Amino acid sequence: MALLVLGGSAVWLFWRLRQNEKLLVAVRRENNKLRHEVANVTGWTANGRLPEDWPEKLRAETAAAASYTGSSVLETLREPMLHAAHQALTAIAPPVFASSDSADEVDRAHKRITELIEGLANERIDPLPALANGDLDKLICFWRRLEAYFPDRPETDAYGIAGHALVDLLRRNDVSLFAPRPLSVESAKNCVFTTEDPERLRDIPRVRTVAFAASTRFTTPQRGEELVIDCERPGWSGPGGQKNARILILDRSW
């Protein structure tokens, strides 16, 4: 009887693994298709990173499409970069990076960011109050974190599109954004340092490994300088005021 139970369990486990493998293949296929579609519009570089002038290329592509199909297309896509970002975010699964991550929390965070981008794209959300209230902080910081520690994951591409689109929107609203990249070096005069780790980045093996490797190379800091482990809150200045960036640095708890 025990052998039958074990045999049945093995068959069920094998079936589940095959189903999960098929699902993973399908997700990767859709992500690759999305990457190629965005690359055709933005001129994505061969190493998978967005070129500096991709917003201008996307605007030019949208304007060209409007000239052939009439002004209605241009009116529908008043924010083409944000629409592209929304499509990219809806095409990926919520990103999980540590075994301790709560699937429900990850799903909710991804959904909030996706809905935020959709609201900005359709002009239901005013970017200036959203920035002042901190509603944009999660996307800006998460995008920077993915680029630094997980550049090879498909989620990084989608969040990168959203991050670049958001920065472009803020720039057009006369906002100067300051969000230091993780693993760069910043001075205390430009931001606020903290050793608190509310995102529990120290529990993510790759983040710990990369952060410690970078810290060993940072051997001769100047006075007031620290290695950026994560940008917890972006800094900015604009019509609504200004705020200093808050930066996570290493301490003994790591």
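**Close-up views of a predicted model**

**View 1. Helix α5 (residues 103–121) packs on helix α8 (residues 154–172) at an angle of about 40°, with 12 Å between the axes.** This is a predicted model, so to speak of a local feature we need pLDDT of at least 70, and side-chain atom pairs count only at pLDDT 80 or more, while totals for chains, interfaces and linings use all residues. Numbering starts from 1 along each chain as its sequence is written, and side-chain values use heavy atoms, with hydrogens and water left out. Helices (H or I, at least four residues) and strands (E, at least two) are DSSP runs, numbered from the N terminus. An axis is a line fitted to C-alpha atoms, for helices over the stretch in contact, and angles run from 0 to 180 degrees between N-to-C directions. α5 and α8 are therefore oblique to each other; the bins are under 35 degrees for roughly parallel, over 145 for roughly antiparallel, 65 to 115 for roughly perpendicular, and oblique for the rest. α5 crosses α8 in the left-handed sense, that is, with the near helix turned anticlockwise from the far one by less than a right angle (clockwise would be right-handed). On the α5 side, look for H110, I113, I117 and L120, which meet Y159, A162, L166 and L169 of α8; contact here means heavy atoms within 4.5 Å. Sorted by class, the residues of this contact come out as seven nonpolar, one polar and no charged. Nonpolar covers Ala, Val, Leu, Ile, Met, Phe, Trp, Tyr, Cys and Pro, charged covers Asp, Glu, Lys and Arg, and the others, Gly among them, are polar.

**View 2. Helix α4 (residues 80–90) lies against α5 at about 155°, with the axes 8 Å apart.** That angle makes α4 and α5 roughly antiparallel, therefore, to each other, and their crossing is left-handed. From α4 come L82, H83, A85, H86, L89 and T90, and they meet H110, I113, T114, I117, E118, L120 and A121 of α5. The contact splits into seven nonpolar, five polar and one charged.

**View 3. α4 also packs on α8, at about 155° and with an axis separation of 8 Å.** The pair α4 and α8 is therefore roughly antiparallel as well, and α4 passes α8 in a left-handed crossing. Here M81, L82, A84, A85, A88 and L89 of α4 meet a set in α8 made up of A158, Y159, I161, A162, A165, L166, D168, L169 and R172. In class terms, that gives 13 nonpolar, no polar and two charged residues.

**View 4. An open antiparallel sheet runs in the order β1-β6-β7, three strands in total.** β1 (176–178) and β7 (241–243) sit at the edges with a single partner strand each, so one side of each has no neighbour in the sheet. Going from one strand to the next, the twist averages 10°. Strands count as paired if DSSP finds at least two bridges between them. β1 and β6 have three bridges in the antiparallel sense, and S176 has S237 in β6 as its bridge partner. On the other side, β6 (residues 235–238) pairs with β7, antiparallel again and over three bridges. Two of the partners to find are G238 with G241 and W236 with K243. β6 and β7 make a hairpin, with two residues between them.

**View 5. A second set of three strands forms an open sheet in the order β3-β8-β5, with mixed pairing.** The edges belong to β3 (191–194) and β5 (230–233), each with a single partner strand, so one side of each is without a neighbour in the sheet. The twist averages 35° from one strand to the next here. β5 and β8 pair in the antiparallel sense over three bridges; zoom in on R233, whose bridge partner in β8 is R246.

**View 6. Confidence along the chain averages a pLDDT of 79, and 68% of the residues score at least 70.** pLDDT is the predictor's confidence in each residue, from 0 to 100. The lowest mean, 46, belongs to helix α3 (residues 71–76), and the highest, 96, to strand β8 (residues 245–248). Residues 41–48 have a pLDDT below 50, and this stretch has 21 contacts in the model beyond near neighbours in sequence. pLDDT also stays under 50 over residues 65–75, where the model has four contacts beyond four places in sequence.
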